[in-house]
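The exercises below are meant to be worked through with the sequence and the coordinates open side by side. Each one sets a task and then gives a solution in steps.

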Amino acid sequence: MKDKIEVLNRKGIQECYDMKPRIFNTWLIDELGIPGTRAQKLGEAIDQLHSAIALMDPDYQKRILGIPLADLLNKFGDLEDLRRDFKQTLNTHVNEDRVLFSTKG
């Protein structure tokens, strides 16, 4: 993995990998152990999804945000004739020992 660079944001200076979105990709790599090449593609997709949902009216946001991610991916896969077994993957690979993030505070 590449060396980290320093990036300034509203939280101050943070060290992160030089691949946009930098801070999120660093979290994917360091906290979830996702390889950099996978993290970069996922980071870009999440960045685009975040931008699209942020522009929606609250009623549309509620419709989308109320769908679990695995279900949303399966629906997309079903409609576009792509992979659609994410719910099964989730159910067979759950790691209850690891807390990825907290919604508190």
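**Exercise 1. Find the residue with which Asp-18 forms a salt bridge, and state how exposed the two partners are.**

Solution. In this predicted model, the partner is Arg-22, and the closest N and O atoms of the pair are 2.9 Å apart. That distance can be set against the cut-off for a salt bridge, which asks for a side-chain nitrogen of Lys or Arg within 4 Å of a carboxyl oxygen of Asp or Glu. Turning to accessibility, Asp-18 counts as partly exposed at 40%, and Arg-22 counts as partly exposed at 26%.

**Exercise 2. Find the salt-bridge partner of Lys-4, and work out which parts of the chain the pair ties together.**

Solution. Lys-4 forms a salt bridge with Asp-30, in which the closest N and O atoms are 2.6 Å apart. The next step is to place both residues: Lys-4 lies in strand 1 (residues 4–9) and Asp-30 in helix 1, so the pair ties together parts that are 26 residues apart in sequence. As for their surroundings, Lys-4 is partly exposed, with a relative accessible area of 35%, and Asp-30 is partly exposed as well, with a value of 36%. A search of the whole structure finds six salt bridges, the pair of Lys-4 and Asp-30 being one of them.

**Exercise 3. Describe the surroundings of Asp-81, beginning with its backbone and ending with its salt bridges.**

Solution. Asp-81 lies in the loop between helix 4 and helix 5 (86–92). Its phi is near 55°, which is a positive value in a residue other than glycine. For comparison, most residues other than glycine have a negative phi. The residue counts as exposed because its relative accessibility is 62%, and the cut-off for that class is over 50%. Its side chain forms a salt bridge with Arg-84, with the closest N and O atoms 3.8 Å apart, and Arg-84 itself counts as partly exposed at 43% relative accessibility. Salt bridges that share partners then join Asp-78, Asp-81 and Arg-84 into one network.

**Exercise 4. Decide whether Asn-74 is buried or exposed, and list the residues it touches beyond its neighbours in sequence.**

Solution. Asn-74 lies in helix 4, which covers residues 69–79. Its relative accessible area is 14%, so Asn-74 is buried, the cut-off being under 20%. Leaving aside residues up to four places away in sequence, Asn-74 touches Arg-84, Asp-85, Phe-86 and Lys-87. A second residue of helix 4, Asp-71, can be related to Arg-84 through the backbone, since their C-alpha atoms are separated by 8.7 Å although the two residues are 13 residues apart along the chain. Asp-71 is partly exposed, with a relative accessible area of 28%. Phe-86, one of the residues that Asn-74 touches, also has the charged end of Arg-83 over its ring, 4.4 Å from the ring centre.

**Exercise 5. Identify the peptide bond that joins Lys-20 and Pro-21 as cis or trans, and locate Pro-21 in the chain.**

Solution. The bond between Lys-20 and Pro-21 is cis, with omega about -10°. Most peptide bonds are trans. Pro-21 lies in the loop between strand 2 (12–17) and helix 1 (22–32).

**Exercise 6. Name the residues that form a nonpolar patch on the surface, and place Leu-49 in its element.**

Solution. The patch is formed by Leu-42, Ile-46 and Leu-49, which together have about 210 Å² of accessible area. Leu-49 is found in helix 2 (residues 36–54), where it is partly exposed, with a relative accessible area of 37%.

**Exercise 7. Summarise the chain as a whole: its elements, its burial and its surface.**

Solution. The chain has five helices and two strands, and from the N terminus on these elements run β-β-α-α-α-α-α. Of its 105 residues, 14% count as buried. The accessible surface comes to about 8,900 Å², with 53% of it belonging to carbon and sulfur atoms. Among contacts with a separation of 6 or more, 13% are accounted for by residues 24 or more positions apart. Finally, a search of the whole structure for aromatic pairs finds one.

Technical notes:
Residues numbered from 1 in each chain as written. Predicted model: local features only at pLDDT ≥ 70, side-chain atom pairs only at ≥ 80, totals over all residues. Heavy atoms only, no water. Phe/Tyr/Trp six-rings, centres within 6.5 Å; stacked < 30°, edge-to-face > 60°. Lys NZ or Arg CZ within 6 Å of the ring centre and 35° of its normal. Helix = DSSP H or I, 4+ residues; strand = E, 2+ residues; numbered from the N terminus. Buried < 20%, exposed > 50% of the residue type's maximum accessible area, 1.4 Å probe, protein only. Contact = heavy atoms within 4.5 Å. Patch = residues over 30% accessible without salt bridge, like charges linked within 9 Å, V, L, I, M, F, W, Y side chains within 5 Å. Areas by Shrake-Rupley, 256 points an atom, 1.4 Å probe, with all protein chains shown as cover.
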